Amino acid sequence: MAPPKPTRPELPDVTIRRLEDVLTGLAKRFGDLRGKVELDPQPRITLQEIGGLAAAKREIQSLVFALRRPELHRRWGTVPVKGVLLYGPPGTGKTLLARALAHEAGAAFYHLRMRHIAFKWYGDSGELIQEVFQALGGNGRSVLYLDEIEALSFDRMFPGEEARAASRRVITVVLERLEALAGMEETLAVASTNRPDAVDPSLVGPGRFDRLIEVPLPDGDEKREILAIHQRRAEAAAGRPLFRNVDYDAILARTVKMSGGDLAEILQRALEEKARREGAGEQPGPVETDDILRVIEDYRRIKEVVEKIRYGQYL
């Protein structure tokens, strides 16, 4: 018989208010933080709600124990990891894994979108990041998520010596704060990247982001699991069956090199089309295989345009 799953420890209201006050104070100093620095005191996504990624989820579960029960590491003569780098293609679930880690560990989730921070504050981004790191101390269990950490290499976005100097300053701040986490059992820094080749090498290594976790594209069985999860979620929200006679083999054959995010978007668009038709006065039936296949073909064309724009080929 499997042991019961531990319940998520909820943060006390006074801790949540203190965390919100911290973010309010940062906004007064640096301006509007929306879309750049966000706080979720009690993230709700669980590891069971993420399809596929069995190996990555095992690694995440070990990090949960590092935060919730650091004494286990002491019993076995080891030191908990303090910096983790999630890497893999876009849409594979890196942010979901980071949120699920915070949920399972009963931790607050700080989400720093590094690219947006770099464009907004540029030379002052190091100061903002330092303030966020410092705010973690004494405010309970927390996961600090640095999304798209390759954006710290400013010289890839802004040419010139000034950008290189600013990049070195902010990377130095991050390295210093990572070292300070060694004495903070309740805090873990998690970074993510779609471009591991663009991450500054000094950020990866012992005492830094020294645990690398690959978050790859899903295989066939994982795609089935992802589709089933999103189907159940939509039907639970609607309170009724929404899909009928779906041939997953036919669908999977048309989703080569697609991510979990792509699959979720495809089902979303198929459901949106049904809502549009009902709004136009029709009486559409449940989503079937042909509906999804039509969406896949349209979605493929859109992805091709996006990729051409991203790599400067659609000019």
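Six strands form an open sheet in this predicted model. Their order is β1-β3-β4-β5-β2-β6, and the pairing is mixed. The edges are taken by β1 (37-40) and β6 (211-214), each of which has a single partner strand, so one side of each is left without a neighbour in the sheet. From one strand to the next, the twist averages 20 degrees. Strands of a sheet pair through backbone hydrogen bonds, either parallel or antiparallel. One of the pairs here is β2 with β5: the two run parallel and are joined by five bridges. Tyr87 stands opposite Thr193 of β5.

The next element to follow is helix α4. α4 lies across β1, β2, β3, β4 and β5, and runs at about 170 degrees to β4. The helix covers residues 94-105, twelve in number, which at 1.5 Å a residue should span 16 Å. The C-alpha atoms at the ends of α4 are 17 Å apart, which agrees with that expectation.

How much of α4 is buried? Nine of its twelve residues are, so the helix is largely enclosed by the rest of the structure. A residue counts as buried when its relative accessible area is under 20%. The buried residues of α4 are Lys94, Leu97, Ala98, Ala100, Leu101, Ala102, His103, Glu104 and Ala105. What covers them includes one helix, α2 (54-68), together with the strands β2 (83-87), β3 (108-113), β4 (142-147) and β5 (187-193).

The residues on either side of the helix can be described in turn. Gly93 sits in the loop between β2 and α4. With a relative accessibility of 11%, Gly93 counts as buried. Its C-alpha atom is separated by 9.2 Å from that of Leu217, although the two residues are 124 residues apart along the chain. After α4 comes Gly106, which has a positive phi, near 70 degrees.

The last feature is a pocket. The largest pocket has a volume of about 970 Å³. Its lining consists of 40 residues, and those nearest its centre are Pro90, Gly91, Ser259, Asp262 and Lys303. Three elements give two or more residues to this lining: α8 (220-238), α10 (260-279) and α11 (289-310). Which element provides the largest share of the lining? That share comes from α11, with seven residues.

Technical notes. Residues are numbered from 1 along each chain as its sequence is written. This is a predicted model: local features need pLDDT of at least 70, side-chain atom pairs count only at pLDDT 80 or more; totals for chains, interfaces and linings use all residues. Side-chain values use heavy atoms; hydrogens and water are left out. Helices (H or I, at least four residues) and strands (E, at least two) are DSSP runs, numbered from the N terminus. The expected span of a helix is 1.5 Å times one less than its number of residues. Buried means under 20% relative accessible area, exposed over 50%, partly exposed in between (1.4 Å probe, protein chains only). Contact means heavy atoms within 4.5 Å. Two strands pair if DSSP finds at least two bridges between them. Axes are lines fitted to C-alpha atoms, for helices over the stretch in contact, and angles run from 0 to 180 degrees between N-to-C directions. On a 1 Å grid over the protein atoms alone, a cavity is a set of points where a 1.4 Å probe fits but cannot get out, and a pocket is an open set with protein on both sides within 12 Å along at least five of seven lines; lining residues have an atom within 4 Å of a point. Grid points are joined across faces, edges and corners, and a volume is the space filled by probe spheres set on the points.
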